[in-house]
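I opened the file to see what could be read from the coordinates. My notes follow in the order in which I looked things up.

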Amino acid sequence: MMLAAIDPRVTCVVPTCDVTSYLEMAKANVGRDAEQMPLGITAEHFEEADALLPMLLQNGSAMINANAQDFFPIAGSRQAAKELEHLYGIAGVPSHFAFA
């Protein structure tokens, strides 16, 4: 997912379960793997779903694959999907995003 944010060769990304918000992670009081939180990322107000936005700019496709609560709070996944659906819709390519 993070590679898709910086490498224009990536045209499709399907992260599984871990797209959530840092606020939801804090509410759930669960730890986070360091490789999923690059240094300074929260200071810039970057959310995990933001890593999927380059797919929109590159006319690529993205899907969030999360359907149940696990280590990652599903509420954050649903919120991220709602925001991304809205942005892909505004861009005129709603079929390029899915939440499964």
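Does Arg78 count as buried, partly exposed or exposed? I looked up its accessibility and found 48%, so Arg78 counts as partly exposed. The model is a predicted one, and I read every value below with that in mind. Arg78 is in helix H4. I also looked for a distant part of the chain beside Arg78 and noted Val19, 59 residues away in sequence, with a C-alpha to C-alpha distance of 9.0 Å.

Entry: overall layout.
I counted four helices and three strands in the chain. In sequence order they give the pattern α-β-α-α-β-α-β. Of the 100 residues in the chain, 38% are buried. I then took the contacts with a separation of 6 or more and found that 71% of them join residues 24 or more positions apart. The exposed surface of the chain is about 5,800 Å², and carbon and sulfur atoms supply 59% of that area.

Entry: the sheet.
I traced the strands next. They form an open sheet of three strands in the order E1-E2-E3, and the pairing is parallel. E1 and E3 are at the edges with a single partner strand each, so one side of each has no neighbour in the sheet. For the pairing of E1 (residues 12-13) with E2, I found two bridges. Cys12 is opposite Ser61 of E2. On the other pairing, three bridges join E2 to E3 (residues 97-99), again in the parallel sense. There I noted Met63, whose bridge partner in E3 is Ala98.

Entry: the two faces of E2.
Which side chains of E2 are buried? I followed the strand and saw the side chains alternate. Ala62 and Ile64 point to one face and are buried, whereas Ser61 and Met63 point to the other face and are not buried. Ser61 and Met63 are also the residues I had noted in the bridges, Ser61 opposite Cys12 and Met63 with Ala98.

Entry: the nonpolar core.
I looked up the largest nonpolar core and found 18 residues in it. Those with the most contacts inside this core are Met55, Ala62, Ile64, Leu84, Tyr88 and Phe97. Helix H3 (53-57), strand E2 (61-64) and helix H4 (74-90) are the elements that give two or more residues to it. H4 gives the most, with five residues. As background I wrote down that nonpolar side chains tend to be buried together in soluble globular proteins.

I then picked Leu84 and listed what it touches, leaving out residues up to four places away in sequence. The list is Ala49, Leu52, Leu53, Ile64 and Phe97. Of these, Ile64 and Phe97 are among the core residues with the most contacts.

Entry: the salt bridge.
How many salt bridges does a search of the whole structure find? I ran through the structure and got one. It is formed by Asp7 and Arg9, with the closest N and O atoms 2.6 Å apart. The two side chains also make a polar contact, listed at 2.6 Å. Asp7 is in the loop between helix H1 (2-6) and E1.

I checked the accessibility of both partners. Asp7 has a relative accessible area of 11%, which is under the 20% limit, so Asp7 is buried. Arg9 has 71% relative accessibility, which is over 50%, so Arg9 counts as exposed. The salt bridge therefore joins a buried Asp7 to an exposed Arg9.

Entry: Ser21.
Is Ser21 buried or exposed? I found a relative accessible area of 15%, so Ser21 is buried. Ser21 is in the loop between E1 and helix H2 (22-28). Leaving out residues up to four places away in sequence, I listed Glu47 and Gly76 as the residues Ser21 touches. I also took the C-alpha distance from Ser21 to Phe72, which is 51 residues away along the chain, and read 9.1 Å.

Note on methods
Residues are numbered from 1 along each chain as its sequence is written. This is a predicted model: local features need pLDDT of at least 70, side-chain atom pairs count only at pLDDT 80 or more; totals for chains, interfaces and linings use all residues. Side-chain values use heavy atoms; hydrogens and water are left out. A nonpolar core is a set of buried Ala, Val, Leu, Ile, Met, Phe, Trp, Tyr and Cys residues joined through side-chain atoms within 4.5 Å. Buried means under 20% relative accessible area, exposed over 50%, partly exposed in between (1.4 Å probe, protein chains only). Contact means heavy atoms within 4.5 Å. Two strands pair if DSSP finds at least two bridges between them. A polar contact is a pair of N or O atoms within 3.5 Å; within protein, one must be able to donate a hydrogen and the other to accept it, and residues adjacent in sequence count only if both atoms are side-chain atoms. Accessible areas come from the Shrake-Rupley method with a 1.4 Å probe; for residues, only the protein chains shown count as cover. A salt bridge is a side-chain nitrogen of Lys or Arg within 4 Å of a carboxyl oxygen of Asp or Glu.
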